[in-house]
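Good morning, colleagues. Please have the sequence and the structure open while I take you through some selected features.

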Amino acid sequence: MAKQSVEQIKAESRGLRGTIGDELANSDRFFSGAADKLLKFHGIYQQEDRDARKLDRTADHHSMMIRTRLPGGQLTTAQYIAHDDIADKYANGTLRITTRQTFQFHGVLKGELRETIREINHAFVTTLGACGDIVRNVVACPAPTADPQRRAVQDFALTLTEAFFPKTNAYHQIWVDDEEIVDDHEIDDPLYKKTYLPRKFKIAIAYAGDNCVDVYTNDVGLVALFDDDQQLIGFNLLAGGGMGMTHNNDATYARLADEIAFLTPDQVVEAVTAVVTIHRDFGDRENRKHARLKYILADRGVQWFRDELERRVGFALTPVKPQPAFAVHDHLGWNEQGDGRWYLGLHVENGRIADRGAYRLRSGLRAVIERFGLSVRLTPQQNLLLTEIQAEDRAAVDALLDEYGIRRVEAISNARRNALACVALPTCGLAITEAERVFPRVIDQLETTLDELGIPDADITARMTGCPNGCARPYVAEIAFVGRSLDKYTIFLGGSPVGTRLARPFLDLVPLDQLIAALYPVLAAYRDGRDAGEAFGDFVMRTGLEELRALIADEWRTLGAYGD
C-alpha cells in the first residue's frame with residue numbers, strides 16, 4: 001500500500017480517531033505510521049530509545065512521550081501531585097518542563113497508555129491539542145499577581161485555549177470512555193475543518209516590558225498594554241514568528257513575528273481566530289517544511305496579511321501602539337504577589353525534575369507543595385514557581401528545600417540561569433545529536449572560561465538543541481549551539497538578550513568538546529571591548545561577525561565558517 005501523506009491521514013481520520021482505538025488492543029509495542037501521526041493531536045509522540053537500540057537491535061524499544069496542556073503553565077496542588085504520581089507509576093520517574101509551560105512524561109509503554117491518559121484527565125488536565133497541526137498550549141507570563149488587570153491578561157491564555165480547542169469526541173471516547181461512537185456531524189471541526197492546520201500553531205502573551213515568553217518567536221504574539229492608571233487597554237498583535245529550519249535548506253529559516261495591529265480586549269479572540277484561519281486556508285499543504293504561518297507572511301508580504309486579516313474580521317485594524325522596551329524577567333527567587341503572599345521561583349536545569357544524588361529536586365518539590373498546599377506555575381525558561389506562600393511560611397519553605405539539597409537562584413551563575421536545552425537524544429526522533437544530557441557540561445566549561453576571563457557574572461544567554469528545529473528557541477539566544485551532526489554543532493551568535501533579534505551563524509561543525517574553547521577569543525574580546533552595560537549579543541553585532549572570526553585560531557576556522 002502506498003504511504004499516505006499527513007494530509008490524507010488527517011482527512012480520513014474520522015475526527016482524529018483513525019485506527020488508534022483498534023491498535024491499542026493489539027500486542028504490539030508500537031503504533032502504525034498513520035496512527036502515529038494522529039497520536040500527536042492527542043498529545044502523544046511515539047518514540048524509541050536510541051541508546052537501547054544501539055545495544056540491542058533485536059528488541060523493541062518503543063515508548064511514548066505524553067505532553068499535558070496547561071494554559072499559562074498553571075497547576076493546582078492536586079494537579080501537580082497527580083503529575084508526580086504518574087511520573088512514577090507509568091513513566092521514567094522524571095517530569096520534564098517544556099519551553100511552552102507544559103509537562104512531558106517520557107517512557108510510557110503502549111500497554112499503559114490508556115490508563116496514563118485517563119489518570120491525567122481525572123486530575124482535570126488534558127493532553128488533547130498539546131501536539132499536532134493545531135493551536136498548541138497558549139503561553140503567558142506566569143508571574144502571579146494580585147493586580148486584577150494582570151490577572152485578566154493571564155486569563156486570556158485560558159480564553160484562547162478554549163476558543164481553539166478541537167471539537168471532537170474522539171479523545172474522550174478513546175482514552176477515557178473506551179467506547180468509540182462516531183457522530184457524522186462532529187467529524188468536520190467547525191474551525192479546523194477535516195484536515196486541521198497545515199502545521200502547528202503557537203500563541204504567546206507578554207506584558208509590556210517583559211518578554212519572558214519570547215513573544216516574537218510565535219505564530220501569534222500578544223503584547224498587553226496599559227494606560228497611566230495601569231488599566232488594560234489592549235494588545236499589540238504580532239504574527240509570523242517561528243524557530244524551525246533545516247540545515248542546508250535556504251527555503252527554511254527562523255523568523256521573528258511582524259507587528260500587525262493594536263487590538264482592544266474585545267477584539268482579541270475574533271482577530272486571532274482570523275489569523276488561525278488564514279494559516280488554515282493559505283498554509284502550504286504540499287511541503288510541511290514550508291507550512292508554518294511565517295512563510296505566508298514572508299511570501300505574500302505583511303501588507304497582504306493585514307488586508308486579508310481586516311477582510312476576515314470585518315473591522316478596521318488600528319496601527320500598533322508604542323510599547324516599552326523589553327527586558328526578560330525569569331521570576332526566580334522570592335517575590336511578592338501583592339496580596340500579602342509570596343511566590344518562589346526555582347531553577348530547574350533544562351527543565352528536568354528528577355532526584356540525582358543529594359540534589360533531590362523531585363522529592364523536595366513534592367514535599368514542599370504537599371506540606372504547604374502550594375500552587376505551581378511553569379515558566380517558558382523551563383523553571384518552576386511555587387505560589388500562594390504565606391509570609392509566615394517563608395522560612396519553613398526554605399528550610400524544607402534545604403533538607404533536599406535544592407539550590408536557590410543565588411547559588412547559580414547567570415550563564416546557567418539563562419541556559420535552555422531541548423530533550424534531544426536518546427528519545428527524540430528528530431535529534432541529530434545531544435542537547436539536554438550534555439549542556440550542563442558545556443555550561444560548566446562556559447562558567448570556567450568566564451571566571452578565567454574575570455567576568456564570572458556575565459549575563460549571557462546560551463541555548464542548545466539537538467537539531468535545527470529550534471524547540472529551545474536557540475535563534476534568539478546570544479549564543480546558540482544547534483545540532484549539525486553527531487557530536488558537532490553550528491554556533492550562532494548575536495541574538496538579542498531580550499528576544500528581539502535573531503542570532504546569525506558563526507562557525508559550523510564544531511565538535512562538542514571544543515565549543516567553548518572555540519569561543520574563548522570572542523569572549524575575551526567582549527571583556528576587553530564592550531561598552532558599559534553592553535550585552536554580549538549587542539557587542540557581537542556591533543563588532544561584526546567577520547571581525548570576530550578573524551580572532552578565531554586557524555584550527556577553529558578550518559572547521560568551517562559561515563559567511564555573513
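Glu336 has Trp342 in β12 as its bridge partner. That bridge belongs to the pairing of β11 with β12, an antiparallel arrangement over four bridges. I should say at once that this is a predicted model. The hairpin that β11 and β12 form has four residues between the strands, and in this hairpin Gly338 adopts a positive phi near 100°.

Let us follow β12 to its next partner. Strand β12, residues 341–346, is paired with strand β17, residues 384–390, in the antiparallel sense and over five bridges. Two positions illustrate the register: Gly345 has Leu385 of β17 as its bridge partner, and Leu346 stands opposite Leu384, also in β17. As to solvent, β12 is mostly covered, with five of its six residues buried.

What is the order of the strands in this open sheet of five? The order reads β3-β16-β17-β12-β11, and the pairing is antiparallel. β3, at 74–75, and β11, at 333–336, each have a single partner strand and stand at the edges, so one side of each is left without a neighbour in the sheet. As a general remark, the side chains of a regular strand alternate between the two faces of the sheet.

There is also an open five-stranded sheet with the order β1-β2-β5-β4-β13, again with antiparallel pairing. Its edge strands are β1, residues 44–48, and β13, residues 352–353, each of which pairs on one side only. β1 is joined to strand β2, residues 62–67, by five bridges in the antiparallel sense. Within that pair, Glu48 stands opposite His62 in β2.

I turn now to the pockets. The second largest pocket has a volume of about 550 Å³. Its lining comprises 29 residues, of which Pro71, Gln74, Leu75, Gln79 and Leu158 are the closest to the centre. Which elements each supply at least two residues of this lining? They are β3, α7, at 148–163, and β16, at 375–378. The largest share comes from α7, with seven residues. By class, the lining contains eleven nonpolar, ten polar and eight charged residues. Note that β3 and β16, which contribute to this lining, are also strands of the sheet that includes β12.

Two individual residues deserve attention. The first topic is His279, located in helix α9, which spans residues 268–282. Is His279 buried or exposed? His279 has a relative accessible area of 0%, and it is therefore buried, the cut-off being under 20%. Neighbours within four places in sequence aside, the contacts of His279 are Leu197, Pro198, Arg199, Lys200, Phe201, Ala291, Arg292, Leu293 and Ile296.

The other topic is Asp398, in helix α13, residues 394–403. Asp398 has a relative accessibility of 23% and so counts as partly exposed. Beyond its neighbours within four places in sequence, Asp398 is in contact with Trp334 and Arg408. The side chains of Asp398 and Trp334 are joined by a polar contact of 3.2 Å. Trp334 falls within the range of β11, 333–336, which brings us back to the edge strand of the sheet described earlier. Finally, the C-alpha atoms of Asp398 and Val476 are separated by 34 Å, the two residues being 78 apart along the chain.

Thank you for your attention.

Notes
Residues are numbered from 1 along each chain as its sequence is written. This is a predicted model: local features need pLDDT of at least 70, side-chain atom pairs count only at pLDDT 80 or more; totals for chains, interfaces and linings use all residues. Side-chain values use heavy atoms; hydrogens and water are left out. Two strands pair if DSSP finds at least two bridges between them. Buried means under 20% relative accessible area, exposed over 50%, partly exposed in between (1.4 Å probe, protein chains only). Contact means heavy atoms within 4.5 Å. On a 1 Å grid over the protein atoms alone, a cavity is a set of points where a 1.4 Å probe fits but cannot get out, and a pocket is an open set with protein on both sides within 12 Å along at least five of seven lines; lining residues have an atom within 4 Å of a point. Grid points are joined across faces, edges and corners, and a volume is the space filled by probe spheres set on the points. Ala, Val, Leu, Ile, Met, Phe, Trp, Tyr, Cys and Pro count as nonpolar, Asp, Glu, Lys and Arg as charged, and the others, Gly among them, as polar. A polar contact is a pair of N or O atoms within 3.5 Å; within protein, one must be able to donate a hydrogen and the other to accept it, and residues adjacent in sequence count only if both atoms are side-chain atoms.
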